[in-house]
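User: Please take a close look at the salt bridges in this model, pair by pair. After that, I would like to see how the helices present their faces and pack.

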Amino acid sequence: MRSVDDLTGRARIRDAALELFGEQGFARVTVRAIAARAGVSPALLGHHFGSKEGLRQACDAHVSDLVRGGPDAATALDDPRRLAAMLEAAAPVRRYLARAFLEGSDDAAALFDDIVTATAGFLDDGTRDGRVQPADDPQTRAAVYVTWLLAPLVFDTHLARVLGVDDIHDPAATMRLSRSAVEMMTRGVFRDDSVLDAWDAAAKETRRA
């Protein structure tokens, strides 16, 4: 049975790896660098995770758990201070996701699928309790929703330039971006169904072709 210190050390190593993988990419980060960031020996890293690959798998699992939501996630929207703290703490996770999707791997693909599945469940729950509008195609909506939310991770340098900020992952920049996204999703962009009707008409023409 692990001691409390042992568990704390494991989490410290994982969090250090999460930060370094996000900052530099998986291939460039060494076991020694991770151990140094965590303040432990490389041997302890090997004891807990076996290898750098094992550590990356642990990071993927941790990020997946965060996406699915812990005990605080359900009440975060009702507590502005808790929501702000969660967004600030998530900066290393955002950087990690950006690197993972840019580098591409089976693990990254599985992680994306996991995020879409979790998001579909969140939106389905919201539809049932009246917080979320029903969709004609819930699965596609969940996939597009996730893609929109993850796009700033991939285009972070371009967004930082356009918005005039140094780091798009800075808490203030994150709040600015996420606020705009929530506004669009809450209030919409178009005032009527004319664009949607045009899209549906074009889809019918495509099926006839």
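Analyst: Arg179 has a relative accessibility of 49% and therefore counts as partly exposed, a class that lies between buried, under 20% relative accessible area, and exposed, over 50%, as computed with a 1.4 Å probe on protein chains only. The model is a predicted one, in which local features need pLDDT of at least 70 and side-chain atom pairs count only at pLDDT 80 or more, while totals for chains, interfaces and linings use all residues. Residues are numbered from 1 along each chain as its sequence is written, and side-chain values use heavy atoms, with hydrogens and water left out.

The partner of Arg179 is Glu183, and the closest N and O atoms of this salt bridge are 3.7 Å apart; the term requires a side-chain nitrogen of Lys or Arg within 4 Å of a carboxyl oxygen of Asp or Glu. Both residues belong to helix α11 (residues 171-187), where being 4 residues apart separates them by about one helical turn. Helices here are DSSP runs of H or I with at least four residues, numbered from the N terminus. An α-helix has 3.6 residues a turn, so residues three or four places apart point the same way. Glu183, at 32% relative accessibility, is also partly exposed.

Elsewhere, Glu19, Glu23 and Arg37 are joined into one network by salt bridges that share partners. Within that network, the bridge between Arg37 and Glu19 brings the closest N and O atoms to 2.8 Å. This pair links distant parts of the chain, since Arg37 sits in helix α2 (residues 31-38) and Glu19 in helix α1 (residues 4-24), 18 residues apart. Arg37 is partly exposed at 38% relative accessibility, and Glu19 is partly exposed at 29%. A further bridge joins Asp129 to Arg131, with closest N and O atoms 3.1 Å apart; here Asp129 counts as partly exposed at 46%, whereas Arg131, at 51%, counts as exposed. These pairs are among the 8 salt bridges found in a search of the whole structure.

Turning to helix faces, α2 has Ile34, Ala35 and Ala38 buried. These three cover an arc of only 100° around the axis, which puts them on the same side of α2, the arc being that of the directions from the helix axis to the C-beta atoms. The face turned away from that buried side carries the exposed residues Arg32 and Ala36, and after α2 comes Gly39, with a positive phi near 75°. Helix α3 (residues 42-49) has Leu45, His48 and Phe49 as its buried residues. Seen down the axis of α3, these fall within an arc of 75°, so they line one face of the helix. Ala43 and His47 are exposed on the other side of α3, and Gly50, just after this helix, takes a positive phi of about 85°.

As for packing, the axes of helix α8 (residues 106-129) and helix α9 (residues 138-154) come within 8 Å and cross at roughly 115°; axes are lines fitted to C-alpha atoms, for helices over the stretch in contact, with angles from 0 to 180 degrees between N-to-C directions. The residues of this contact divide into 12 nonpolar, 4 polar and 2 charged, where Ala, Val, Leu, Ile, Met, Phe, Trp, Tyr, Cys and Pro count as nonpolar, Asp, Glu, Lys and Arg as charged, and the others, Gly among them, as polar. Val116, found in α8, is buried at 6% relative accessibility. Leaving aside neighbours within four places in sequence, Val116 is in contact, meaning heavy atoms within 4.5 Å, with Gln139, Ala142, Ala143 and Val146. The C-alpha atoms of Val116 and Arg141, 25 residues apart along the chain, are separated by 9.5 Å.

A final example is His62, in helix α4 (residues 52-68), which is buried with a relative accessible area of 18%. Not counting residues up to four places away in sequence, His62 touches Arg14, Asp15 and Leu18.

How values were computed
Helix = DSSP H or I, 4+ residues; strand = E, 2+ residues; numbered from the N terminus.
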